Amino acid sequence: MSEFLDKLQGYADLIDEELEKLLPPRDNYQKVLYDAMRYSLLGGGKRVRPVLLLVSAELFGLDKETVMPFALALEMIHTYSLIHDDLPAMDNDDYRRGRLSCHRRFDEATAILAGDALLTYAFEVAGEGVAALTAKAFAKWDGEAVAAYQKILPLLAKRSGTEGMVGGQIIDLKAENNTIDEYEHDALCRMKTGCLITVPAEIAVLCAQKSGTEEGRLLTEYARAIGLAFQIKDDILDVEGDPALLGKNTGMDEADNKTTFVTLYGIDGAKTMLSDLTMRAVDNCLILKDTPGCSAENAEFLKDLARFLLERKY
Ligand code: GRG
């Protein structure tokens, strides 16, 4: 596991370096906005989504640089969602990633705009990434590659928006002080949390032109499983986690009277679901490891990542 953790740290450090380059400090009229964006984006975080994208791309023999703009865009979209989720109108959280949440460190209006700016910048960076890939593919007269790259932006928007994370968030808000059944709860989690964890795999599949292949399906299914598992673990940590390790308060779901995996299935039921989903994800990695054209080393890393997320304390 320590070899895996070193590698994970290496990927996360690389993401941090690239994010720092993308968003350097500015001393202009809108300085406070840059400060707030940097405060939230560069203030820790596991970098699970961008790491998943880099490793998935490498699984299919692509280099990290090919997908880096999309990895950075994903982390910016994720960070915007955390900033907005912490706002008084939503979860009203004072702490995030072990520090004051953005609206507590700055103010509410600045936090709203920092989230908006990160989301907008994410699509600027991802759009430039698509343009660069498309230009290279045009130079090689590779129309199939161009067609695949052109699907990236609409997909990223869809997974982040009404049919994805934002849609999940509105169902989540509705679930406060209201009981929702297990079907609506399942849809909520797949949208709110799952979509942004599945989309790295989907983007890697598009970039490697693996749509419709068995290895593309196995990777996407793996990401769907860990995406749902991620939310289950989050619900368990809200009950059993250590706020010092988590960097945020626990017991928030109960305080908000929320329907969660724990309220629906009990703590033991939630843990069983978590380990079943992790096993499913691990099984897919074992098949990918033996699939010609896939990097066994990266399939192994994805397997360890699924286990790491199962066991995570933060
Ligand atoms: C406000 C549009 C909008 C959406 C909010 C992401 C989200 C949707 C809400 C966050 C609430 C939450 C705790 C969801 C559970 C899963 C999740 C996204 C946890 C936080 O992600 P991590 O653990 O965070 O990857 P770090 O800090 O490591 O990046």
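No disulfides are counted in this predicted model, a disulfide being defined as a pair of cysteine sulfur atoms within 2.5 Å. Cys 195 has the sulfur of Cys 189 as its nearest cysteine sulfur, 11 Å away, and takes part in no disulfide. Cys 294 is likewise in no disulfide, with the sulfur of Cys 285 nearest at 11 Å. Cys 195 counts as buried because its relative accessibility is 11%, where buried means under 20% relative accessible area, exposed over 50% and partly exposed in between (1.4 Å probe, protein chains only). Cys 294 is also buried, at 11% relative accessibility.

The model is predicted, and local features need pLDDT of at least 70, side-chain atom pairs count only at pLDDT 80 or more, and totals for chains, interfaces and linings use all residues. Residues are numbered from 1 along each chain as its sequence is written, and side-chain values use heavy atoms, with hydrogens and water left out.

We turn next to the ligand. It is surrounded by 21 residues, of which Lys 46, Arg 49, His 78, Arg 97 and Asp 234 are the closest; a residue is near a molecule if one of its heavy atoms lies within 4 Å of it. Oxygen atoms of the ligand are approached by polar side-chain atoms of Arg 49 at 2.8 Å, of His 78 at 2.8 Å and of Arg 97 at 2.7 Å. On its own the ligand has 700 Å² of accessible area, and the protein covers 93% of it (Shrake-Rupley method, 1.4 Å probe).

Four helices, α4 (64-85), α9 (165-175), α10 (182-207) and α11 (214-240), each supply at least two residues of the shell, helices being DSSP runs (H or I, at least four residues) numbered from the N terminus. The most comes from α4, with six residues. By class, the shell holds eight charged, seven polar and six nonpolar residues.

Aromatic rings offer a further feature, with six pairs in the structure; rings of Phe, Tyr and Trp (its six-membered ring) pair if their centres lie within 6.5 Å, and planes under 30 degrees apart count as stacked, over 60 as edge-to-face and the rest as tilted. Phe 4 and Phe 308 form a tilted pair, because their planes stand at 55°, with ring centres 5.7 Å apart. This pair links distant parts of the chain, as Phe 4 in helix α1 (residues 2-22) and Phe 308 in helix α15 (residues 296-311) are 304 residues apart. Phe 4 is buried at 4% relative accessibility, and Phe 308 is buried at 10%. Both belong to one aromatic cluster with Tyr 11, Phe 301 and Tyr 314.

Conventions:
A polar contact is a pair of N or O atoms within 3.5 Å; within protein, one must be able to donate a hydrogen and the other to accept it, and residues adjacent in sequence count only if both atoms are side-chain atoms. Ala, Val, Leu, Ile, Met, Phe, Trp, Tyr, Cys and Pro count as nonpolar, Asp, Glu, Lys and Arg as charged, and the others, Gly among them, as polar.
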